[in-house]
Amino acid sequence: MEPTAMFKRVMALNVHQAKITACAIVEHDDGRQEMTKLDFGAFKRDRRALAQWALRIRPEVVVMQRARACTGRARLQHSRPWASWPGWSTSGTSRPCPVARPIGPTRRGSPHWRARVCCGRRSSRRWTWRQLRLVARQRQKLVGMLSAQKNRLHKVLVDAGIRINVLVSDVHGQSARAMIKPLIKGQPMHEILDLKGRLGASGEELLEALSTEQFSARHAFVADEIMQHIEYIEQSVARMDGYLPSGLAAWQPQLKLLQTIPGVDQIGAAMLPVEISADMSVLGSAEPLASRVGICPGNNESAGKRKRGRIRKGNAWVRQLLCEFAQAAARTRCALKAKFEARAIRKGRKKSVIALAHKMLRTIYAMISSGSHYQDKTVDYEALSVARNAPRWTKMLRKHGFIETQAAA
């Protein structure tokens, strides 16, 4: 099946570290197609030559495979959907597809094939989200670094014989950090014990947990450096938390809808549309979205026998967010928790988290598509509305004479 032409002048780029391969397909008025393929270097003068050649071609659209770094307003195409087109090799080599005669090169990443496919396929990526995606992904990386540094600080304190983690639930909480920072700076113990705040531990237990017999100057130096790094990362994350929602001002209704789902907070609701977009009309259904994220079961069936159904590689950033949402929702009192507990008995915790994340993604697609908020199956919203408004309704009915008021005896 040949793709239906949507563009008359198409250019495809294959960006490498030291070379850029460009392929242009131009359809003339008489229906004749002309293909030109050139190689350019990766330096600035080579990119300038590529830009001048593109100006002479005047393409309607420029397509390139999704990469780690790319510049310009180019359409980003995912390579997996191309496997359904004739001539595409499913093995990723130059071997032609056995079910159809190949149309040009079939090697994965070929700019010629990408240009042919772009003539008949629309891109699902949007330029408007790419800049915010840089902020969102940098925030996720900083959060990972923050968790690693907190674990490292905990290890240094335990190595020095400080076992405050036995008495507090969070070593990096407000009360625990208020005692650890003066301890690192060498303040007297009685001043540190005055900062215990609302901790339920006694002074003797804190004195035993904060024993400095093994706490050397090297421990203090390393712990101080780690604490400064933790505070710096926290400040960076806080700045990104304030910057990210400001770029989504046009999508505030969708963000408010997402926050009605158990386990989704304001930052999570802002980071998810940046990755999957808030426009669900380009997908058609929830299945393509789940397949692109890589959160749905695999379809591995041969000769009528179902084999492994493990998930495939997809958008790891979205999958990480969804797994965080699922683990948070599993701790709430909602229908999502019941689904998680029912599956965890049979499949285990990890598979249950993936299954719940898949369900939440399909729910998110339905909510954004219909514009409706989340409704939990275990909650009787009608009863809640009646309980909240019944006194006001009764008062107004009595005021207007619909209910007779009993006279005082």
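1. Arg58 is exposed, with a relative accessible area of 54%, and in this predicted model Arg58 sits in the loop that runs between α1 (44-57) and β4 (61-65). A colleague checking backbone geometry may wish to note that the phi of Arg58 is near 55°, which is a positive value in a residue other than glycine.

2. The strands at the start of the chain can be taken next. Strand β1 (residues 9-15) has five of its seven residues buried, so β1 is largely enclosed by the rest of the structure. Strand β1 runs antiparallel to strand β2 (residues 19-27), to which seven bridges join it, and the connection between β1 and β2 is a hairpin that passes through three residues. Within this pairing, Val10 has Ile25 of β2 as its bridge partner, while Met11 stands opposite Ala24, also in β2.

3. Strand β2 is likewise described by its burial: seven of its nine residues are buried, so β2 is largely enclosed by the rest of the structure. Beyond its pairing with β1, β2 pairs in the antiparallel sense with strand β3 (residues 33-41) over nine bridges, and here the bridge partner of Glu27 is Gln33 in β3. The hairpin formed by β2 and β3 has five residues between the strands, and Gly31, in the turn, has a positive phi of about 90°.

4. Turning to charge pairs, the count of salt bridges comes to nine. Side chains of opposite charge can pair when their charged atoms come close. One of these contacts is formed by Asp241 with Arg139, whose closest N and O atoms are 2.4 Å apart. Since Asp241 belongs to helix α7 (residues 217-246) and Arg139 to helix α3 (residues 130-159), the pair ties together parts that are 102 residues apart in sequence. The two partners fall into separate accessibility classes, in that Asp241, at 22% relative accessibility, counts as partly exposed, whereas Arg139 is buried, with a relative accessible area of 15%.

5. Helix α7 also supplies Glu234, whose side chain meets that of Arg177 in a salt bridge at 3.0 Å, N to O. This pair links distant parts of the chain, with Arg177 in helix α4 (residues 174-185) and Glu234 in helix α7, 57 residues apart. Arg177 has 14% relative accessibility and therefore counts as buried, the class covering values under 20%, while Glu234, with a relative accessible area of 26%, is partly exposed.

6. A salt bridge also brings together the side chains of Arg362 and Glu287, with a distance of 3.5 Å from N to O. Arg362 lies in helix α13 and Glu287 in helix α10 (residues 286-293), so this pair ties together parts that are 75 residues apart in sequence. Both ends are accessible in part: Arg362 is partly exposed, with a relative accessible area of 36%, and Glu287 is partly exposed, with a relative accessible area of 43%. In addition, Arg133, Arg137 and Glu275 are joined into one network by salt bridges that share partners.

7. On the surface, a patch of positive charge is gathered from Arg308, Arg310, Arg346, Lys347 and Lys351. Of these residues, Lys351 lies in helix α13 (residues 349-370), and Lys351 counts as exposed, at 56% relative accessibility. Helix α13 is also where Arg362 is found.

8. A nonpolar surface patch of about 230 Å² is made by Val379, Tyr381 and Leu384. Tyr381 is found in helix α14 (residues 381-399) and, at 36% relative accessibility, counts as partly exposed.

9. A last point concerns the loop between α6 (203-209) and α7, where Gln214 lies. Gln214 is exposed, with a relative accessible area of 52%. Gln214 and Val158 are 56 residues apart along the chain, and their C-alpha atoms are separated by 10.0 Å.

Technical notes. Residues are numbered from 1 along each chain as its sequence is written. This is a predicted model: local features need pLDDT of at least 70, side-chain atom pairs count only at pLDDT 80 or more; totals for chains, interfaces and linings use all residues. Side-chain values use heavy atoms; hydrogens and water are left out. Patches are made of residues with over 30% relative accessible area and no salt bridge: like charges are joined within 9 Å, nonpolar side chains (Val, Leu, Ile, Met, Phe, Trp, Tyr) within 5 Å. Accessible areas come from the Shrake-Rupley method with a 1.4 Å probe; for residues, only the protein chains shown count as cover. A salt bridge is a side-chain nitrogen of Lys or Arg within 4 Å of a carboxyl oxygen of Asp or Glu. Lys and Arg count as positive and Asp and Glu as negative; His and the chain ends are not counted. The place of a charge is taken as NZ of Lys, CZ of Arg, CG of Asp or CD of Glu. Helices (H or I, at least four residues) and strands (E, at least two) are DSSP runs, numbered from the N terminus. Buried means under 20% relative accessible area, exposed over 50%, partly exposed in between (1.4 Å probe, protein chains only). Two strands pair if DSSP finds at least two bridges between them.
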